[in-house]
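This report walks through a protein model step by step, from charged pairs to aromatic rings and then to the surface. Please keep the sequence and the 3D view open while reading.

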Amino acid sequence: MIAETPAQAAAAATEAILADFTGGAHRGVIVDSPPGAGKTTLVVTAATTLADSGERLMIVAQTNEQVDDLADKLASKAPALTIGRLHSDGFSVPARVTRHPGVTASNKIEHVEACTVVIATADKWAYVTGRTWTWAIVDEAYQMRSDKLLAIAALFDRALFVGDPGQLDPFSVVDTERWAGLAWDPMQSAVAVIARLNNLPVHRLPVSWRLPASAAPLVSEAFYPFASFRSGTAAADRELRLTTAGFPVPWDRTLNEAAASGWALHELPSRHTIRTDAEAVQACAGLATRLLQRGAVAHDENGSHDVSPDRIAIGCAHNDQVAAIRAAGIPAGVTVDTANRLQGREYDVTIVLHPLSGRRDATAFHLESGRLCVLTSRHRHACIVVARAGIAELLDNHPSTGRVQLNVPVKFPDGWEANHAVLAHLSRHRIEA
């Protein structure tokens, strides 16, 4: 029997999803998507399929960055579509969206409602009244709070809920523990509520087209133990080459390891530090700078290209760490942001400041498996983790002891287990600084 190729597996999954979505038997379809599994391709295919049938649809995303990325990619892959980019007052739509002739951007629904596809954040859709669409696509649905879905549910009849179950849960700066376990808990994800109240089909995209063969097995094992996936490319399909030779110093040895294997752990000496650890901050900024100095070139299934600053990202857990790295003199164009804002984005090389580096404790925030999953799954070629030694010991001294709450499903895998799985893999790629 001939084994099914990644492309065949992905095509079969997409065909089944569209059949359920457009078949009329269900008011909703849930799609679980691992990192880089082609959610945008699925959205484009669904939108063009409906457009070819003379239908209009609305698309909901959770942040302006996600909306702009969707609008750009949708307009690039389906230039014949008319796309409305609905935004709030005072928002400046980026050039990557407005450059498309088929895109109309406005803060008024009446200016864009005639478009085949209208895209906006859930917050903006909540202000739209007196209009309905037969079809809707909710992107990053696991990141969407259930109360936000309730606010827009009257706008559409049928919906495709697409999201990544392994990444960050809905976030709020307000303490919501008082509602934990209650049916009306607003911090439940949109998917959790929809799945509990309705008998909807659940599909899974089986292939990651972003993660290389060096990364997909680890990410799948550590964060998706019950919904495994594979890379869409083989080890020989991708190569990260450094065109300039380095020196026998930690930064260059770390970059050599990352280029050769797809992973590197740049390990600083064990020490308890403040959150904006100056040495760790300098290591993150220095590695990004040195990567550009050494003329990194990425070879993949699409050809070859220089790894420019906009293809490099530095991910952190906290905003003050982001500010510290930006102040450390990183090259212009390199993205530095928190895991929450990097979710859904893609780069050639990512540099990660480990959430537990230098800490005395392991809080629920820093142990959240979704945060580490986002940080270690943004790359197409290599991921470099910067951390102080001692994280494994920290985890053993702070085992997962979260309180059991009635009617709250236990999330698996938990952060403790996921962190140990990632550290065990990184230990084979350790470079001592």
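## A salt bridge and its network

In this predicted model, the side chains of E346 and R210 meet in a salt bridge, with a distance of 3.2 Å from N to O. This pair links distant parts of the chain, since E346 belongs to the loop between α13 (339-342) and β17 (347-353), while R210 belongs to the loop between β9 (207-208) and α9 (216-223), and 136 residues separate the two. Are the partners in this bridge buried or exposed to some degree? E346 has a relative accessibility of 32% and therefore counts as partly exposed, whereas R210, at 6%, counts as buried.

The bridge does not stand alone, for salt bridges that share partners join R210, R238, D300, E301, E346 and R380 into one network. Both E346 and R210 also fall in a stretch of chain, residues 197-388, that an unreviewed UniProt entry annotates as "domain: DNA2/NAM7 helicase-like C-terminal". Over residues 197-388 the chain is 31% helix and 27% strand, and the C-alpha atoms at the two ends are 45 Å apart.

## Other charged pairs

Side chains of opposite charge can pair when their charged atoms come close. How many salt bridges does a search of the whole structure find? The search finds 26, and one of them joins the side chains of K39 and D139, at 3.9 Å from N to O. K39 lies in helix α2 (residues 39-52) and D139 in strand β6, so this pair ties together parts of the chain that are 100 residues apart in sequence. K39 counts as buried because its relative accessibility is 16%, and buried means under 20%; D139, at 7%, counts as buried as well.

Another salt bridge is formed by R96 with E65, whose closest N and O atoms are 2.9 Å apart. Here two helices are involved, as R96 lies in helix α4 (residues 95-98) and E65 in helix α3 (residues 64-77), with their positions 31 residues apart in the sequence. R96 has a relative accessibility of 26% and counts as partly exposed, and E65 is likewise partly exposed, with a relative accessible area of 28%.

## Aromatic rings and their neighbours

When the whole structure is searched for aromatic pairs, three are found. F21 and W135 form one that is edge-to-face, with 5.2 Å between the ring centres and 75 degrees between the planes. This pair, too, links distant parts of the chain, because F21 lies in helix α1 (residues 6-22) and W135 in strand β6 (residues 133-139), 114 residues apart. F21 and W135 are both buried. Y224 and F229 also form an edge-to-face pair, with the centres 5.5 Å apart and the planes at 80 degrees, and both of these residues are buried.

Charged side chains are found beside rings as well. R158 lies over the face of W135, at 5.7 Å from the ring centre, so W135, defined here by its six-membered ring, has both F21 as an aromatic partner and R158 over its face. In a further case, R371 lies over the face of F365, at 3.7 Å from the ring centre.

## An unusual backbone angle

Most residues other than glycine have a negative phi. For E140, however, phi is near 50 degrees, a positive value in a residue that is not glycine. E140 is placed in the loop between β6 and α7 (146-152), and, with a relative accessibility of 5%, E140 counts as buried.

## Surface and interior

Which residues make the nonpolar surface patch of about 280 Å²? This patch is made by F247, V249 and W251. F247 lies in the loop between β11 (239-242) and α10 (250-261), and F247 is exposed, with a relative accessible area of 55%.

L265, in contrast, is buried, with a relative accessible area of 4%, and lies in strand β12 (residues 263-268). From L265 to M144 the separation is 121 residues in sequence and 33 Å in space, taken from C-alpha to C-alpha.

Technical notes:
Residues are numbered from 1 along each chain as its sequence is written. This is a predicted model: local features need pLDDT of at least 70, side-chain atom pairs count only at pLDDT 80 or more; totals for chains, interfaces and linings use all residues. Side-chain values use heavy atoms; hydrogens and water are left out. Patches are made of residues with over 30% relative accessible area and no salt bridge: like charges are joined within 9 Å, nonpolar side chains (Val, Leu, Ile, Met, Phe, Trp, Tyr) within 5 Å. Accessible areas come from the Shrake-Rupley method with a 1.4 Å probe; for residues, only the protein chains shown count as cover. A salt bridge is a side-chain nitrogen of Lys or Arg within 4 Å of a carboxyl oxygen of Asp or Glu. Helices (H or I, at least four residues) and strands (E, at least two) are DSSP runs, numbered from the N terminus. Buried means under 20% relative accessible area, exposed over 50%, partly exposed in between (1.4 Å probe, protein chains only). UniProt positions are given in the numbering used here, feature names are shortened, and annotations may be inferred rather than shown by experiment. Rings of Phe, Tyr and Trp (its six-membered ring) pair if their centres lie within 6.5 Å; planes under 30 degrees apart count as stacked, over 60 as edge-to-face and the rest as tilted. A charge sits over a ring if NZ of Lys or CZ of Arg is within 6 Å of the ring centre and within 35 degrees of the ring normal.
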